[in-house]
Amino acid sequence: MKSILPLTLILAMVVAFENCASNQETLRTGASKINTGSHLAQIESIDADLKSSSLSDESRDKLVIRKGKLLLDLGKYDETISTLNQVNQAKSNPVQLSEWNLTMGKAYVGKNEYSKAIQFLNQSERLDKNTNLMERKKLVVQSLVAEREYYPALATLTKTYTKGNQKKDEFYYETAAKTYLKMGFEYKNTGFYQKGLQVANLGLEEFPNNETLKSIQKDCLEVLQPEGKL
């Protein structure tokens with residue numbers, strides 16, 4: 001792969017990277033549509049239930065985790081973490097602890113504290129490798145990209161989709177293409193832009209109406225063909 005030298009190409013790279021940054025999606029950790037009133041009512045009900053002295057430790061922890069998820073949906077990340085810290089981890093079963101770690105990981109993603117998020121997400125998988133597998137993996141990959149850990153992100157992405165013959169979806173193509181685009185800017189190297197363009201083109205064959213892939217394709221071409229020429 002050749003390094004980029006001409007000033008015009010460097011300027012084109014800056015434009016493309018700025019476009020990519022402006023189009024970057026915020027990592028999503030909760031539901032897309034939230035009924036705030038319903039969530040608040042459920043939290044109030046859980047708080048009332050938690051006051052009962054007859055609750056077992058397991059039932060109490062389940063309620064606390066449920067409350068944490070509701071707070072997460074509402075974007076109250078600090079409250080989510082403080083609530084979840086009330087769970088007695090020593091007495092929780094592995095599946096419940098996996099759910100606890102997943103919710104904690106999502107809360108730290110919401111706080112843009114990606115290294116912490118990755119620790120909780122990985123621990124969630126160690127405890128329960130079956131439930132929420134793809135959701136965890138996608139959050140880990142996105143967090144690695146946000147931390148500019150591009151090579152681990154691509155390795156994790158590839159492993160996630162090759163193991164178990166997982167069909168490549170829009171997330172795969174968008175994330176891989178966007179990562180190569182960022183690497184092209186970061187390392188000042190056209191080879192990564194070429195890879196980004198290749199992945200975007202492949203993705204568009206499967207999902208021709210994907211606007212994110214179209215945008216990445218355009219950004220890569222602005223660097224590789226800044227004057228509309230090969």
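Here are some numbered notes on this predicted model, mostly about how its helices pack.

1. Start with how far to trust it. The average pLDDT for the protein is 86, and 84% of the residues reach at least 70. Two stretches do worse: residues 1-5 have a pLDDT below 50, and so do residues 18-26. Beyond near neighbours in sequence, the model still gives residues 1-5 15 contacts and residues 18-26 13 contacts. Go gently with these, because predicted coordinates should not be read in detail where pLDDT is low.

2. Now for the helix pairs. Two packed helices are described by the angle between their axes and the distance between those axes. Take helix α2 (residues 36-50) and helix α3 (residues 57-73): they pack at about 155 degrees, and their axes are 10 Å apart. Angles over 145 degrees count as roughly antiparallel, so α2 is roughly antiparallel to α3. The crossing of this pair, α2 and α3, is left-handed.

3. Which residues make the contact between α2 and α3? On the α2 side you'll find H39, Q42, I43, I46, D47, D49 and L50. On the α3 side, look for R60, L63, V64, R66, K67, L70, L71 and D73. Sorted by class, the contact of α2 with α3 has seven nonpolar, two polar and six charged residues.

4. Helix α3 has another partner, helix α4 (residues 77-84). The axes of α3 and α4 come within 8 Å and cross at roughly 175 degrees, which means α3 is roughly antiparallel to α4. From α3, the residues V64, I65, K67, G68, L71 and L72 meet Y77, E79, T80, T83 and L84 of α4. That contact of α3 with α4 splits into six nonpolar, three polar and two charged residues. If you compare the lists, V64, K67 and L71 of α3 appear in the contact with α2 and also in the contact with α4.

5. Further along the chain, have a look at helix α9 (residues 170-187) and helix α10 (residues 190-206). These two pack at an angle of about 165 degrees, with 8 Å between their axes, so α9 is roughly antiparallel to α10. The crossing of α9 and α10 is left-handed.

6. What does the contact of α9 with α10 hold by class? There are 13 nonpolar, three polar and two charged residues. Helix α9 brings Y173, A176, A177, Y180, L181, M183, G184, F185 and Y187 to this contact. Helix α10 answers with F192, Y193, K195, G196, V199, A200, L202, G203 and E206.

7. One annotation to know about: an unreviewed UniProt entry places the feature "repeat: TPR" at residues 98-131. In the model, residues 98-131 are 79% helix and 0% strand, and the end C-alpha atoms of the span lie 9 Å apart.

8. Last, a backbone detail. Most residues other than glycine have a negative phi. Where does N112 sit? N112 is in the loop between α5 (94-110) and α6 (114-127), and its phi is positive, about 60 degrees, although N112 is not a glycine. N132 also has a positive phi of about 60 degrees without being a glycine. You'll find N132 in the loop between α6 and α7 (133-146).

Technical notes
Residues numbered from 1 in each chain as written. Predicted model: local features only at pLDDT ≥ 70, side-chain atom pairs only at ≥ 80, totals over all residues. Heavy atoms only, no water. Axes fitted to C-alpha atoms, helices over the stretch in contact; angles between N-to-C directions. Helix = DSSP H or I, 4+ residues; strand = E, 2+ residues; numbered from the N terminus. Parallel < 35°, antiparallel > 145°, perpendicular 65-115°, else oblique. Left-handed = near helix turned anticlockwise from the far one by under 90°. Contact = heavy atoms within 4.5 Å. Nonpolar A, V, L, I, M, F, W, Y, C, P; charged D, E, K, R; others polar. UniProt positions renumbered as here; feature names shortened; annotations may be inferred. pLDDT = per-residue confidence, 0-100.
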